[in-house]
Amino acid sequence: MDWRCAQNSKVYPPNAHPFGQSYKEWTEDWWQWLMTFDCAGSPLLDPTGEHATQNQSGPVFFLVGTTGGAVERNVTIPRTKAILFPLINIINDFPCPDTSFHPAPGQTLEDFLQEGAAAFIDLADNLSVTLDGDELNDPENYRFQTDLFQFTGNPDLTNCLDPCVTGQVQDAVSDGYWMMLKKLHHGNHTLHFYAEVPDYGFVVDVTYNITVP
């Protein structure tokens, strides 16, 4: 595929290292950012986009999906920022209150968590992304599974998102489909992404109305 000519010229290709990091590394940063919020302030649980600009720093602006269902959000993003978002993703973290949740004898923690995350993302289907009405190509090529990384989650998230969050440094892996948009030009833009896991009746259906000053 000629990335210069395709609609995906607006997207960093899967093997790119935008701003010196791989997609995998950026997705780790995304989780480390997202897991700091409490339930009331989490962009993931925000129905309007009012929390979308919280704690954004660096050259990449992080957008989020949902915990299931459809949402339309409004957000203002600086012209200087690339934009990272997940079509569908999962974090698998350790330890958890369930004492049966642990690696098998001889299995590494990384392999155990990767296996669990992949079991969900392997079922994802019907991926689609449009930017300003134009469909972006081959979203299935943008799947990234991380190695083991660490994060410190807000303990309030046990009430709304993740029962395994301890409030201390803990291990995790992530798996999912992600895209990073290159900097958008001045004006109004519409980003829509969709994914589903039919086996679980799970759907992510997100529209962002983006203003770039």
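# A tour of the disulfides and strand 4

Begin by selecting Cys164, which is buried in this predicted model. Its relative accessible area is 11%.

**Stop 1: Cys164 and its partner**

Now add Cys96 to the selection. Cys96 and Cys164 form a disulfide, with 1.7 Å between their sulfur atoms. Look along the S-S bond: the angle about it is 105°, and the link of Cys96 and Cys164 is right-handed. Colour the chain by element to place the two ends. Cys96 lies in the loop between strand 3 (82–94) and helix 2 (109–121), while Cys164 sits in the loop between strand 7 and strand 8. The pair therefore ties together parts that are 68 residues apart in sequence. Show the surface next. Cys96 has a relative accessible area of 17%, so it counts as buried, being under 20%.

**Stop 2: Cys39 and Cys160**

Select Cys39 and Cys160. This pair also forms a disulfide, and the sulfur atoms are 2.1 Å apart. The angle about the S-S bond is -95°, which makes the link of Cys39 and Cys160 left-handed. Distant parts of the chain are linked here, 121 residues apart. Cys39 is in the loop between helix 1 (23–34) and strand 1 (60–62); Cys160 is in the loop between strand 7 (149–152) and strand 8 (169–181).

Is each end of this link buried or partly exposed? Cys39 is buried, at 17% relative accessible area. Cys160 is partly exposed, because its relative accessibility is 30%, between the cut-offs of 20% and 50%.

**Stop 3: both disulfides in one view**

Show every cysteine that takes part in a disulfide. The count comes to two disulfides. With bonded cysteines counted along the chain, the pattern is 1-3, 2-4.

**Stop 4: strand 4 and strand 9**

Leave the cysteines and select residues 125–131, which make up strand 4. Add strand 9, residues 187–197. The two strands run antiparallel and are joined by five bridges. To find one of these bridges, pick Asp125: its partner in strand 9 is Glu196.

**Stop 5: the hairpin of strand 4 and strand 5**

Keep strand 4 and add strand 5, residues 134–135. These strands pair in the antiparallel sense over two bridges. Leu131 has Asp134 of strand 5 as its bridge partner.

Which residue in the turn has a positive phi? Select Asp132, whose phi is about 55°. Strand 4 and strand 5 form a hairpin here, with two residues between them.

Notes. Residues are numbered from 1 along each chain as its sequence is written. This is a predicted model: local features need pLDDT of at least 70, side-chain atom pairs count only at pLDDT 80 or more; totals for chains, interfaces and linings use all residues. Side-chain values use heavy atoms; hydrogens and water are left out. A disulfide is a pair of cysteine sulfur atoms within 2.5 Å. Helices (H or I, at least four residues) and strands (E, at least two) are DSSP runs, numbered from the N terminus. Buried means under 20% relative accessible area, exposed over 50%, partly exposed in between (1.4 Å probe, protein chains only). Two strands pair if DSSP finds at least two bridges between them.
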